[in-house]
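Me: I would like to go through this model with you and ask, for each label that is put on it, what the label rests on. Please set the values against the cut-offs wherever a step of the reasoning needs one.

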Amino acid sequence: MDIKSTNHLDKIQNTSFKNLSKGASVDKMQEFINSYINRAEFELSDIGWFREITDQYRNDNPLRYVNSIGLQITPENNSSSSKKRILKAFVTTEDNRYSTFRTLKEGTRDEILQFLKSDEFKPMLQDYITQCSDSFFMDDYL
């Protein structure tokens, strides 16, 4: 058996590892809210009927016992003179068998958009998700 000799064993080549920036952490909920606001500003009419504006995202927080979280804006009725809009939040169970809705705000187009942009909206949505998550968890494990 022959052993091959290697040259320059005394000269160790250093490999530099760069500490690459991973970027800022992404707040998935805030990203979803911003996207929903942009969509609502474009699709929500001042008066009359419009197609409901519904969007959702998949929960990636392992501490929340929900699968998807969403928002929905619907007209009060099909009347061409209706100005009232209804903003609802919804969540589904982890297996998507059940969902629950809660009305967050009723009002005109401007009132709904103002509420979506307000500082109180996100904490209210987070509280609703936490309550539903706790309820879903208790229902499955009691």
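Me: Where in the chain's elements does Ile 69 belong, and what makes it count as buried or exposed?

Reply: In this predicted model, Ile 69 sits in strand β2. Its relative accessible area is 0%, and since buried means under 20%, Ile 69 is called buried.

Me: Which residues are in contact with Ile 69, once its neighbours within four places in sequence are left aside?

Reply: Contact requires heavy atoms within 4.5 Å, and by that criterion Ile 69 touches Phe 32, Asp 55, Gln 56, Tyr 57, Asn 59, Phe 90, Val 91 and Ile 129. As for Met 29, the C-alpha atoms of Ile 69 and Met 29 are 9.0 Å apart in space, while the two residues are 40 apart in sequence.

Me: How do you know that β2 and β3 are paired, and how many bridges join them?

Reply: Pairing asks for at least two bridges between two strands; seven bridges join β2 (residues 68–75) to β3 (residues 85–92), so the two are paired, and they run antiparallel. One of the links can be named, for Thr 74 of the one strand has Ile 86 in β3 as its bridge partner.

Me: What supports the pairing of β3 with β4?

Reply: Here the count is eight bridges, again between strands that run antiparallel, and the cut-off of at least two is therefore met. Leu 87 has Lys 105 in β4 as its bridge partner. The hairpin of β3 and β4 has six residues between the strands, and within this hairpin Asn 96 adopts a positive phi near 60 degrees.

Me: What makes the sheet an open one, and which strands are its edges?

Reply: The four strands follow the order β1-β2-β3-β4 with antiparallel pairing, and they form an open sheet. Its edge strands are β1 (53–58) and β4 (99–107), each of which pairs on one side only. Ignoring direction, neighbouring strands are turned against each other by 15 degrees on average.

Me: Which helix packs on this sheet and touches β1, and which one lies across β4?

Reply: Helix α1 (residues 28–43) packs on the sheet, where it touches β1, β2 and β3, and its direction makes about 165 degrees with that of β1. Helix α2 (residues 109–117), in turn, lies across β2, β3 and β4 and runs at about 120 degrees to β4.

Me: Why can the buried residues of α2 be said to line one face of the helix?

Reply: The buried residues of α2 are Arg 109, Ile 112, Leu 113, Phe 115 and Leu 116. Viewed down the axis of α2, these buried residues fall within an arc of 160 degrees, and therefore they line one face. Asp 110 and Gln 114, on the other side of α2, are exposed, a label that calls for over 50% relative accessible area.

Me: How are the elements ordered along the chain, and what confidence does the predictor attach to the chain?

Reply: The chain has three helices and four strands, which run α-β-β-β-β-α-α from the N terminus on. Its mean pLDDT is 84, with 80% of the residues reaching 70 or more; confidence is highest in α2, at 96, and lowest in helix α3 (residues 121–141), at a mean of 87.

Me: What share of the chain counts as buried?

Reply: Of its 142 residues, 34% count as buried, and the accessible surface comes to about 10,300 Å², 48% of which belongs to carbon and sulfur atoms.

Terms used:
Residues numbered from 1 in each chain as written. Predicted model: local features only at pLDDT ≥ 70, side-chain atom pairs only at ≥ 80, totals over all residues. Heavy atoms only, no water. Axes fitted to C-alpha atoms, helices over the stretch in contact; angles between N-to-C directions. Buried < 20%, exposed > 50% of the residue type's maximum accessible area, 1.4 Å probe, protein only. Areas by Shrake-Rupley, 256 points an atom, 1.4 Å probe, with all protein chains shown as cover. pLDDT = per-residue confidence, 0-100. Arc of directions from axis to C-beta.
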